[in-house]
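Me: I have a model open and want the reasoning behind its labels. Please set each value against its rule.

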Amino acid sequence: MSPQSGTELGSAAVRADTEVLYPDGATSSTGVVTHVVPLADGEFGVVLDRTAFHPVDTAWPDQPSDAGVLRFGGESAEIRRAVMGAVPADGESAGRLFVGEDVPVRTGTEGWTFCVVHVVDGPPPAVGDTVEAWADPSLRAALSAGHTACHLAALALDAALAGAWSKPVSEDPLGSPAFDALAIQSSRIEPFGSVDVYRIGKSLRRKGFSVDALDDPSGVAARANARLAEWVAAGGAVRIEREASGISARRSWVCELPEGRVEIPCGGTHVSDIAELVGIEVTLERTDVTGGVELTMRTSTGPASTR
Ligand SMILES: [Zn+2]
């Protein structure tokens, strides 16, 4: 990390993680501006003491950020996106704010304070102003549906590939060999869906995974889809559990399935019951790449019903 990177915050360094309200489902919040920093292209980064905005994570950018409006006094500014900000307590960059892709550490790294940086295009509010952050609820609902569907699809894929393993490996919360956790390369949540890319190389084969299991990707997808249909029909409560209200606190996705309660570490947003989803379906595509095989799972779900 170069000492020139990051924005000097002077004596008013970010002293506490931003308190976040989105894990409980909030899409609007009132907070106080603690920092305003100029960004590239005439944009500004606004840090609040608390916010309903879900920012995209830097190290594992699976769920895109919310978008919406910041209201202050009689004025407003479009919030184009929200990203992570981080400030180290010690070292040559102590007290400097790193924003978005410039954040050099994983969220939660000790010795750093983490904040949500709301990226606005217009004249920003002033430090000390009380503002309202409003996240577009329809975008949030679409991403929440996509994220819940993504977790369920991963569990269904693990179950559909359970027979492909010849040695014991770590298990997912339902007791299947943890293909998703062991092979995932990238996960992107979309409105009402997700795209997950898995890589099966030498190390996964050494752990006992047979690539032959992917000779018929549509057969694997059909098994996963049968499981997903059962889960959607049964319904089940979904919630986020967390140790604390700060942005860097450990959070988990907790879901009640017919097989039992499952818990997966997760920083995103979700629907409150699987029954809100109108079906979940996956397709699988196998591609041969240098040194192995890539498997792409596309998950789609219908818009959540309003009940
Ligand atoms: Zn997640």
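Reply: A salt bridge here is a side-chain nitrogen of Lys or Arg within 4 Å of a carboxyl oxygen of Asp or Glu. By this rule the predicted model has 15 salt bridges.

Me: Why is the contact between Arg-227 and Glu-259 called a salt bridge?

Reply: The N to O distance between the two side chains is 3.4 Å. The cut-off is within 4 Å, so the pair of Arg-227 and Glu-259 qualifies. Arg-227 belongs to helix α4 (residues 217–234) and Glu-259 to the loop between β14 (251–257) and β15, so the contact ties together parts 32 residues apart in sequence.

Me: What makes Arg-227 and Glu-259 partly exposed?

Reply: Partly exposed lies between the limits for buried, under 20%, and exposed, over 50%. Arg-227 has 28% relative accessibility, so Arg-227 counts as partly exposed. Glu-259, at 41%, therefore gets that label too.

Me: How do you know that Arg-261 and Glu-241 form a salt bridge?

Reply: Their closest N and O atoms are 3.1 Å apart, and the rule asks for a distance within 4 Å. Arg-261 sits in strand β15 and Glu-241 in strand β13 (residues 238–242), so this pair joins parts 20 residues apart in sequence. Arg-261 is partly exposed at 42%, and Glu-241 is partly exposed at 27%. Both residues also belong to a network of salt bridges that links Arg-239, Glu-241, Glu-256, Arg-261 and Glu-263.

Me: Why does the pair of Arg-250 and Glu-243 count as a salt bridge, and are the two residues buried or exposed?

Reply: The N to O distance is 3.9 Å, and the limit is 4 Å, so the pair of Arg-250 and Glu-243 counts. Exposed means over 50% relative accessible area. Arg-250 has 61%, so Arg-250 is exposed. Glu-243 has 63%, so Glu-243 is exposed.

Me: What makes His-147, His-151 and Cys-266 donors of the zinc ion?

Reply: A donor is an N, O or S atom within 2.8 Å of the zinc ion. NE2 of His-147, NE2 of His-151 and SG of Cys-266 coordinate the zinc ion at 2.1 to 2.3 Å, so these atoms meet the rule. Along the chain, the donors follow the spacing H-x3-H-x114-C. His-151 is in helix α1 (residues 137–160), while Cys-266 is in the loop between β15 (260–265) and β16 (278–289). This pair links distant parts of the chain, 115 residues apart.

Me: Are His-151 and Cys-266 buried or exposed?

Reply: Both are buried, a label that requires under 20% relative accessible area.

Conventions: Residues numbered from 1 in each chain as written. Predicted model: local features only at pLDDT ≥ 70, side-chain atom pairs only at ≥ 80, totals over all residues. Heavy atoms only, no water. Donors = N, O, S within 2.8 Å, 3.2 Å for Na, K, Ca; no water. Helix = DSSP H or I, 4+ residues; strand = E, 2+ residues; numbered from the N terminus. Buried < 20%, exposed > 50% of the residue type's maximum accessible area, 1.4 Å probe, protein only.
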